[in-house]
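Me: I've got a model open and I'd like to check the labels that come with it. Could you walk me through the reasoning behind them?

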Amino acid sequence: MADYIYVVQMDIPNEMEDEFNQIYDTQHVPNITKAPGVHSCVRYKLESSDVEGTARYTAVYEIDTPKTPFSVGWLAESEKGDWPTKIRPHTTNRSHLVLKKLG
């Protein structure tokens, strides 16, 4: 297990959810997990929150270092497929967190 996780949260318009999930699962995740320092990705959809405005979708990536999501390899993989042109421009309410495992 990696010492860090990278958490990405975002929203997508309701009418794009099917395309978003299809491209995320079949293109974006397989591409990103090829980048050096990335071990896995698990995606989640929000069921409930006590914080208004919480993004509906979350992806949790296990990564080697806090720099991994900003590396040449990650950035190259994130530009492949339909993600950068068909999906990314429609995402909103994005947040990016790098967390270090304790203990």
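Reply: Sure, and let's start with a term: a polar contact is a pair of N or O atoms within 3.5 Å, where one must be able to donate a hydrogen and the other to accept it. Keep in mind that this is a predicted model.

Me: What makes the pairing of the side chains of Gln9 and Thr58 a polar contact?

Reply: The distance between the two side chains is 3.3 Å, and the limit is 3.5 Å, so the pair qualifies. Gln9 belongs to strand 1, residues 4–11.

Me: What else does Gln9 touch, leaving aside its neighbours within four places in sequence?

Reply: Besides Thr58, the list for Gln9 has Thr54, Ala55, Tyr57, Asn93, Arg94 and Ser95. Take Tyr57: 48 residues separate it from Gln9 in sequence, yet the C-alpha atoms are 5.5 Å apart in space.

Me: Asn93 is on that list. Why is Asn93 called partly exposed?

Reply: Its relative accessibility is 38%. Buried means under 20% and exposed means over 50%, so Asn93 falls in between. Asn93 sits in strand 4, which covers residues 92–100.

Me: What stands out about the phi of Asn93?

Reply: Phi is near 55 degrees, which is a positive value, and Asn93 is not a glycine. For background, most residues other than glycine have a negative phi.

Me: Let's move to helix 1. What makes the link between Gln27 and Asp82 a polar contact?

Reply: The side chain of Gln27 reaches the backbone nitrogen of Asp82 at 2.6 Å. That value is within the 3.5 Å limit, so this one counts too. Gln27 itself is in helix 1, residues 17–32.

Me: Which residues does Gln27 touch, not counting those up to four places away in sequence?

Reply: Gln22, Gly81, Asp82 and Trp83.

Me: Asn31 is in helix 1 as well. How do you know whether Asn31 is buried or exposed?

Reply: Check the relative accessible area, which is 11% for Asn31. The cut-off for buried is under 20%, so Asn31 is buried. Leaving aside neighbours within four places in sequence, Asn31 is in contact with Glu77, Lys80 and Gly81.

Me: And why is Lys80 called partly exposed?

Reply: Lys80 has 39% relative accessibility, which lies between the 20% and 50% cut-offs, so partly exposed is the label. Lys80 is in the loop between helix 2 (72–78) and helix 3 (83–87).

Me: What makes the pairing of the side chains of Lys80 and Glu77 a polar contact?

Reply: Again it's the distance: 3.1 Å between the side chains, within the 3.5 Å limit, so the pair counts. Set that beside Lys80 and Thr68, which are 12 residues apart in sequence with C-alpha atoms 17 Å apart.

Me: How about Gly81: what makes it partly exposed?

Reply: A relative accessible area of 47%. Exposed would need over 50%, and buried would need under 20%, so Gly81 ends up partly exposed. Gly81 is placed in the loop between helix 2 and helix 3.

Me: What does Gly81 touch beyond its neighbours within four places in sequence?

Reply: Gln27 and Asn31. As for Tyr24, it is 57 residues from Gly81 in sequence and 9.9 Å away, C-alpha to C-alpha.

Me: Zooming out, how many helices and strands are there in the protein chain?

Reply: The chain has 3 helices and 4 strands, in the order β-α-β-β-α-α-β along the sequence.

Me: Why is the chain called as compact as a globular protein of that length?

Reply: The radius of gyration is 14 Å, and the globule rule gives 13 Å for 103 residues; the two are close, so the label follows. The C-alpha atoms fill a box of roughly 40 × 35 × 15 Å along the principal axes.

Me: What share of the 103 residues is buried?

Reply: Buried residues make up 38%. Among contacts with a separation of 6 or more, 74% come from residues 24 or more positions apart.

Definitions and conventions. Residues are numbered from 1 along each chain as its sequence is written. This is a predicted model: local features need pLDDT of at least 70, side-chain atom pairs count only at pLDDT 80 or more; totals for chains, interfaces and linings use all residues. Side-chain values use heavy atoms; hydrogens and water are left out. Helices (H or I, at least four residues) and strands (E, at least two) are DSSP runs, numbered from the N terminus. The radius of gyration is taken over C-alpha atoms; the globule rule is 2.2 Å times the number of residues to the power 0.38. Buried means under 20% relative accessible area, exposed over 50%, partly exposed in between (1.4 Å probe, protein chains only). Contact means heavy atoms within 4.5 Å.
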